[in-house]
Amino acid sequence: MAVNAVWMEVESHHFDGPSSKLVWELCVKAMLGIPVDETVVEEATGKLNEVLDVYESMLAKKKYLGGDKFSLVDLHHLPNIRYVMHTSKASLFTSRPHLSAWWSDISSRPAWTKAVALSDAVIPKKA
């Protein structure tokens, strides 16, 4: 439990901020027709790069961030990564082999694919 608690703090204090900024700038603003602030995107990308280097190192040793079993630590990352993966910044994840494999694993879980399908059904598509 201690390892999971540490990784949830890492997600909360180091991953969520920059990834949320990327989601806001590259997804939400685009959907609303608001210009992207490239300075915010660059800053968030730099911070996220640093965090993802640590994740890559951890995932080289363990299947999941909290160890060998899927946990809330992994679950907390799903929403923001989902949106970032549909932007020009997807390479933050795809360029790191262990991180990319982890994403493929956690994003293909049946409960998550059902949640995504429900979400996609209610989010209006761009014309």
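**View 1. Met31 sits out in the open, at the surface of helix H1.** With a relative accessible area of 53%, Met31 counts as exposed, a label that takes over 50%, while buried means under 20% and partly exposed covers what lies in between (1.4 Å probe, protein chains only). Helix H1 spans residues 2-32; helices here are DSSP runs of H or I with at least four residues, strands are runs of E with at least two, and both are numbered from the N terminus. Met31 teams up with Trp24, Leu32 and Ile34 in a nonpolar surface patch, and together they offer about 410 Å² of accessible area. Patch members have over 30% relative accessible area and no salt bridge; nonpolar side chains (Val, Leu, Ile, Met, Phe, Trp, Tyr) are joined within 5 Å, like charges within 9 Å. Areas come from the Shrake-Rupley method with a 1.4 Å probe, and for residues only the protein chains shown count as cover. Keep in mind that this is a predicted model, where local features need pLDDT of at least 70 and side-chain atom pairs count only at pLDDT 80 or more, while totals for chains, interfaces and linings use all residues. Numbering starts from 1 along each chain as its sequence is written, and side-chain values use heavy atoms, with hydrogens and water left out.

**View 2. Val41 is tucked away in helix H2.** Val41 is buried, at just 3% relative accessible area. Setting aside residues up to four places away in sequence, Val41 touches Leu22, Glu25, Leu26, Val36 and Lys89, a contact being heavy atoms within 4.5 Å. Take Glu25: it is 16 residues from Val41 in sequence, and their C-alpha atoms are 6.8 Å apart.

**View 3. Lys47 and Glu43 pair up within helix H2.** Their side chains meet in a salt bridge at 3.5 Å, N to O; the term asks for a side-chain nitrogen of Lys or Arg within 4 Å of a carboxyl oxygen of Asp or Glu. Both residues lie in H2 (residues 38-59), four residues apart, or about one turn of the helix. Lys47 is partly exposed at 44% relative accessible area, and Glu43 is partly exposed too, at 42%.

**View 4. Arg96 reaches Asp53 from a distant part of the chain.** The side chains form a salt bridge at 2.8 Å, N to O. Arg96 belongs to the loop between helix H5 (91-94) and helix H6 (97-107), Asp53 to helix H2, and 43 residues separate them. Arg96 is buried, with a relative accessible area of 8%, whereas Asp53 is partly exposed at 47%.

**View 5. Lys63 and Asp105 make another salt bridge.** Here the closest N and O atoms are 3.7 Å apart. This pair also links distant parts of the chain: Lys63 is in the loop between H2 and helix H3 (72-75), Asp105 is in helix H6, and they are 42 residues apart. Lys63 is partly exposed, with 49% relative accessible area.

**View 6. Zooming back out, the chain has seven helices and zero strands.** A search of the whole structure turns up five salt bridges. Of the 127 residues, 38% are buried. The accessible surface adds up to about 7,400 Å², and carbon and sulfur atoms account for 62% of that. Among contacts between residues at least 6 apart in sequence, 68% join residues at least 24 apart.
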